[in-house]
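This report goes through one protein model, from a single residue to charged pairs and then to enclosed and open spaces. The sequence and structure come first.

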Amino acid sequence: MKDDQQSPLFGKNERKNGISRAIYELISRGIHGQLKKESVLQMLVELVSLHYGVPSILLDVIGIFDAETAATGGDAPPSEERVIFCYIVKETERFLSEKLLKERLEIDTLQDVGTIKNRSFYTRFIKVKTKLYYKQRRFNLFREESEGYAKLITELNQEFSQDTVTVQHVLEIIKSLIGCFNLDPNRVLDIILESFEARPEQDRIFIPLLQAYINDGNIICEVLGYKYRYFADVQTPGSLFKVTALLLQHRVIKLDDIYAWVGSAELNELEW
């Protein structure tokens, strides 16, 4: 990887998956006390020095742990995992740029970690955020993301008639909803897969729709991978296996790409 001039973020997809998973496992063991925090940080320093693209991948993984360790609400003290996570993130300032940290991490996290120590900055941020997202504006009551997602779900779960509904028509509606309601494209992809999972018999619509919506099977594999990880401790639903198998059958994704996200038991289920 050190000699590779192309960033692993945009090059070899299987390599990025391997790096992301390795960093995730490394930090996870540190947060849960299976490795010393100092050992985790030392290994992260060595990884970051290997390639200029690694810091961006590292911050992607840190973002996942930020969500996993965040407090659920109330005045309860932070968990031990959250304390260790904040320590690790704070120490990454030694080898990651402050600009990159402020760009990629949430304001609340930067405050918890101590990167932002100016309380007045946080207060101003809250005021600006409140004005942007919660202040009611005339003639703009319907521009809310929640309604946009509701319209998207309705559109994807309609009765698809071969005579009246085409993939191009559905795609244009999705693009319009994203632009009108400022929807997150990654969340839209997740909802498309959820709708496909609910109605796998409509593969004639969903397969070309996914191919037209995003021409990168690796991103689809990442979304599927997090779905499989969600069911790590319980039985994975058969509908998820079926959708994955259909995507493999139609070559929307590659077996090598999804292999990095699923275990041997899940792979056996896919052989149907």
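## A buried threonine

T109 is buried, with a relative accessible area of 3%. The model is a predicted one, and the values here are computed from it. T109 counts as buried because its 3% falls under the 20% limit for that class.

T109 belongs to helix α6, which covers residues 107-113. Leaving aside residues up to four places away in sequence, T109 touches D66, R82 and F85.

## Salt bridges: a pair within one helix

The count of salt bridges comes to ten. One of them joins K102 to E98, with the closest N and O atoms 2.7 Å apart. Both residues lie in helix α5 (residues 98-104). They are four residues apart, about one turn of the helix.

Are these two side chains buried, exposed or partly exposed? K102 is partly exposed, with a relative accessible area of 39%. E98 is also partly exposed, at 44% relative accessibility. Each value lies between the 20% and 50% limits, so both residues fall in the middle class.

## Salt bridges: a network around D190

R187, D190, E194 and K227 are linked in a network of salt bridges. Within this network, the side chains of R187 and D190 meet at 2.2 Å, N to O. R187 and D190 are three residues apart in helix α10, so about one helical turn separates them. R187 is partly exposed, with a relative accessible area of 39%, whereas D190 counts as buried at 16% relative accessibility.

D190 also meets the side chain of K227 in a salt bridge, at 2.9 Å, N to O. K227 lies in helix α12 and D190 in helix α10, so this pair ties together parts that are 37 residues apart in sequence. Both K227 and D190 are buried.

## The largest pocket

The largest pocket holds about 960 Å³ of space. Its lining is made up of 31 residues. Which of them lie nearest the centre of the pocket? They are I64, N186, E222, V223 and Y226.

Four helices each supply at least two residues of this lining: α1 (13-31), α3 (54-69), α10 (185-198) and α12 (217-230). The largest share, eight residues, comes from α12. Helices α10 and α12 are also the two that the salt bridge between D190 and K227 ties together. By residue type, the lining of the pocket divides into 13 nonpolar, six polar and twelve charged. Domain 1 (19-134) and domain 2 (142-269) each give at least three residues to the lining of the pocket.

## The cavities

The structure holds two cavities of 30 Å³ or more. The largest cavity has a volume of about 50 Å³. Which residues line the largest cavity? The lining consists of S20, R21, Y24, V61, I64, Y226, R229 and W261. Among them, I64 and Y226 are also listed with the residues nearest the centre of the largest pocket.

Helices α1, α3 and α12 each supply at least two residues of the lining of the largest cavity. α1 gives the most, with three residues. Five of the lining residues are nonpolar, one is polar and two are charged. As with the pocket, domain 1 (19-134) and domain 2 (142-269) each give at least three residues to the lining of the cavity.

## D60 and Y24

D60 lies in helix α3, one of the helices that supply residues to the lining of the largest cavity. D60 is partly exposed, with a relative accessible area of 36%. That value is between 20% and 50%, so D60 counts neither as buried nor as exposed.

How far apart are D60 and Y24 in sequence and in space? In sequence they are 36 residues apart. In space, their C-alpha atoms are 9.6 Å apart. Y24 is one of the residues that line the largest cavity.

Technical notes:
Residues are numbered from 1 along each chain as its sequence is written. This is a predicted model: local features need pLDDT of at least 70, side-chain atom pairs count only at pLDDT 80 or more; totals for chains, interfaces and linings use all residues. Side-chain values use heavy atoms; hydrogens and water are left out. On a 1 Å grid over the protein atoms alone, a cavity is a set of points where a 1.4 Å probe fits but cannot get out, and a pocket is an open set with protein on both sides within 12 Å along at least five of seven lines; lining residues have an atom within 4 Å of a point. Grid points are joined across faces, edges and corners, and a volume is the space filled by probe spheres set on the points. Ala, Val, Leu, Ile, Met, Phe, Trp, Tyr, Cys and Pro count as nonpolar, Asp, Glu, Lys and Arg as charged, and the others, Gly among them, as polar. Domain bounds come from an automatic or database domain assignment. Buried means under 20% relative accessible area, exposed over 50%, partly exposed in between (1.4 Å probe, protein chains only). Contact means heavy atoms within 4.5 Å. A salt bridge is a side-chain nitrogen of Lys or Arg within 4 Å of a carboxyl oxygen of Asp or Glu.
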